[in-house]
There are 2 protein chains.
Amino acid sequence: MCDLKLRLYILGRLPFFSGLPDSKIRDINALFSERGYAMGEIIYFEKSPAKRLYAVADGHVKLMRHTVSGKDVMLNVLNQGEFFGSLTHAQDDNYSETAHAHTPVCTLSIEGNDFRQILSRHPPVAIKVMDIMAHRLREAHEMVRLLSVSSIEQRLAHVLLKLGDKLGEADDVGLLIQLPLGRSDLAELTGTTTETASRVMSQLQKEGLIQTGRRWVAITNKPGLAALTEI
Amino acid sequence: MCDLKLRLYILGRLPFFSGLPDSKIRDINALFSERGYAMGEIIYFEKSPAKRLYAVADGHVKLMRHTVSGKDVMLNVLNQGEFFGSLTHAQDDNYSETAHAHTPVCTLSIEGNDFRQILSRHPPVAIKVMDIMAHRLREAHEMVRLLSVSSIEQRLAHVLLKLGDKLGEADDVGLLIQLPLGRSDLAELTGTTTETASRVMSQLQKEGLIQTGRRWVAITNKPGLAALTEI
DNA sequence: CGCGATATTGACCTGAGTCAATATACGTGG
DNA sequence: CCACGTATATTGACTCAGGTCAATATCGCG
């Protein structure tokens, strides 16, 4: 599924390895193994023992938390080049979320202990990892604030803008989000129901801020959407 | 406010320095400067340039996010020995939250660059920091899930249990949370209003799960509270 | 003891959840 | 290439948790 060229490309672009010499990356490459997943397949389950660190070589991975009542929450959608899974490997740790192949996915993954060794040997790598975690922590805190104080319309606007920045490509209809994104996905991302997500999306479309259809969304008025998020 | 003995004690117990030899900690100590804050004083503002890493030497610090509408969100309450502020110091970064002295507070703080140097020289320290960040990220994700799917009663139960674990001391009335905690604090922690927080707290008290009064809370039936959080 | 900050309580209102019926896009196979 | 069937999306009517506004009660400090 991924050939050697893609592997080296992906690994070299992983934010924490960027800056390492090619030869090092080749060494590190040997520690990674690759695997493909069909759409909808589960990469790992919440609460199973956290053993590996993954990188998305191709496709999109969503990180979910489940509840017994069946209302799932999507914490993040990851794009090519992003990583997930066990960064920390404090032995007996378990994954705190479920990783789901949202599209067909190819991953590269490394044993937690091996990754720790890399960290010990390359302090700049460790610092990069910290920076990324700090960034993710900020995003999570931002989401906490949003969920605490804003309306669903505001949350949706925020999520769409984030996704637009991350996965948007200019298109004749607007900034098209390159990810199949249904109403239920939007609901899981904003802590609401598919019905409410649908209503609000229709509203946003009526206001000319977005264009949307079956499992796709495009942003047509970014400043307008951004204005909604000002709480 | 903090004498040398306390400083060394606090620094030595900071999770990321634990394990370093005493002599090293003395060196590191020289890089830290101390400062006291009156109750309610602000340690740093959200969006101001993030220059320093802080540790709580004494008192309690709350990390807040503000909104223009005035509805604030409390992201965390920090106890003696916990750290906050700029871990990452990617130069032009700004603080993503406001740090508030919830009680009289004494902090030890270090210049971001100096901390980075320590990280580079001591890989195990960097790995410890990563572990802590991973833990905080989990907590934030857990809060996202709670805010997305649970009732206010469930969120309150969860927050109280967390605080009980972190700051609880056995007492004749129950597990007393060692932190002045008013209804508005609880509201900011759970994304609701003081009125609703008040109603739910009364309810929990009526059910015999907690005891509460003016700015204090004790848990009297921990399993009972825990049962509420199962979503 | 009296005052101000904190907490409670009530009445009312609204955003969003729920349940249910209907409409529409898209992939598939004939 | 079209028609069908299914997954997805929309829309409506109703309900309710929790927000809002406002009045009252209470704690604990000076």
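These are my notebook entries on DNA strand D, one sheet of chain B and the contact between chains A and B in a predicted model.

**Entry 1: around DNA strand D**

I began with the DNA and looked up which residues surround strand D. There are 17 of them, and the closest are Arg183(A), Ser198(A), Arg214(A), Thr192(B) and Arg214(B). I then sorted the residues of this surface by character: 8 are charged, 8 are polar and 1 is nonpolar.

Next I asked which helices take part. Helix H7 (194-206) of chain A and helix H7 (194-206) of chain B each supply at least two residues of the surface near strand D. H7(A) gives the most, with 4 residues.

**Entry 2: phosphates**

Which parts of strand D face the protein? Of the strand D atoms within 4 Å of the protein, 53% belong to sugar or phosphate, and the rest belong to bases.

I followed up on the phosphate oxygens and noted three contacts from both chains:

- In chain A, an N or O atom in the side chain of Arg183(A) is 2.6 Å from a phosphate oxygen of strand D.
- Also in chain A, a polar backbone atom of Arg215(A) is 2.9 Å from a phosphate oxygen of strand D.
- In chain B, an N or O atom in the side chain of Thr192(B) is 2.6 Å from a phosphate oxygen of strand D.

**Entry 3: a sheet in chain B**

I moved on to an open sheet of 4 strands in chain B, with the order E2-E7-E4-E5 and antiparallel pairing. Why do E2 (42-44) and E5 (73-78) each have one side without a neighbour in the sheet? Both stand at the edges with a single partner strand, so that side is left free of a neighbour. On average, neighbouring strands here are turned by 30 degrees against each other, direction ignored.

I checked one edge pairing in detail. E2(B) pairs with strand E7 (residues 98-101) of chain B in the antiparallel sense, over 2 bridges. Tyr44(B) stands opposite Ala99(B) in E7(B).

I also looked for a helix against this sheet. Helix H6 (residues 183-190) of chain B lies across E4 (61-65) and E5 of chain B, and runs at about 105 degrees to E5(B).

**Entry 4: chain A against chain B**

My last stop was the contact between the two protein chains. How many residues does each chain bring? Chain A brings 38 residues and chain B brings 39. The buried area between them is about 3900 Å², and carbon and sulfur atoms give 69% of that. On the chain A side I picked out Arg65(A), Met130(A) and Arg138(A), which supply 17% of the area that chain A buries against chain B, more than any other three residues.

Conventions
Residues are numbered from 1 along each chain as its sequence is written. Chains are lettered from A and ligands numbered from 1 in the order in which they are written. This is a predicted model: local features need pLDDT of at least 70, side-chain atom pairs count only at pLDDT 80 or more; totals for chains, interfaces and linings use all residues. Side-chain values use heavy atoms; hydrogens and water are left out. A residue is near a molecule or strand if one of its heavy atoms lies within 4 Å of it. A polar contact is a pair of N or O atoms within 3.5 Å; within protein, one must be able to donate a hydrogen and the other to accept it, and residues adjacent in sequence count only if both atoms are side-chain atoms. Ala, Val, Leu, Ile, Met, Phe, Trp, Tyr, Cys and Pro count as nonpolar, Asp, Glu, Lys and Arg as charged, and the others, Gly among them, as polar. Two strands pair if DSSP finds at least two bridges between them. Axes are lines fitted to C-alpha atoms, for helices over the stretch in contact, and angles run from 0 to 180 degrees between N-to-C directions. Contact means heavy atoms within 4.5 Å. Buried area is the accessible area (1.4 Å probe) that two parts lose on being put together, summed over both.
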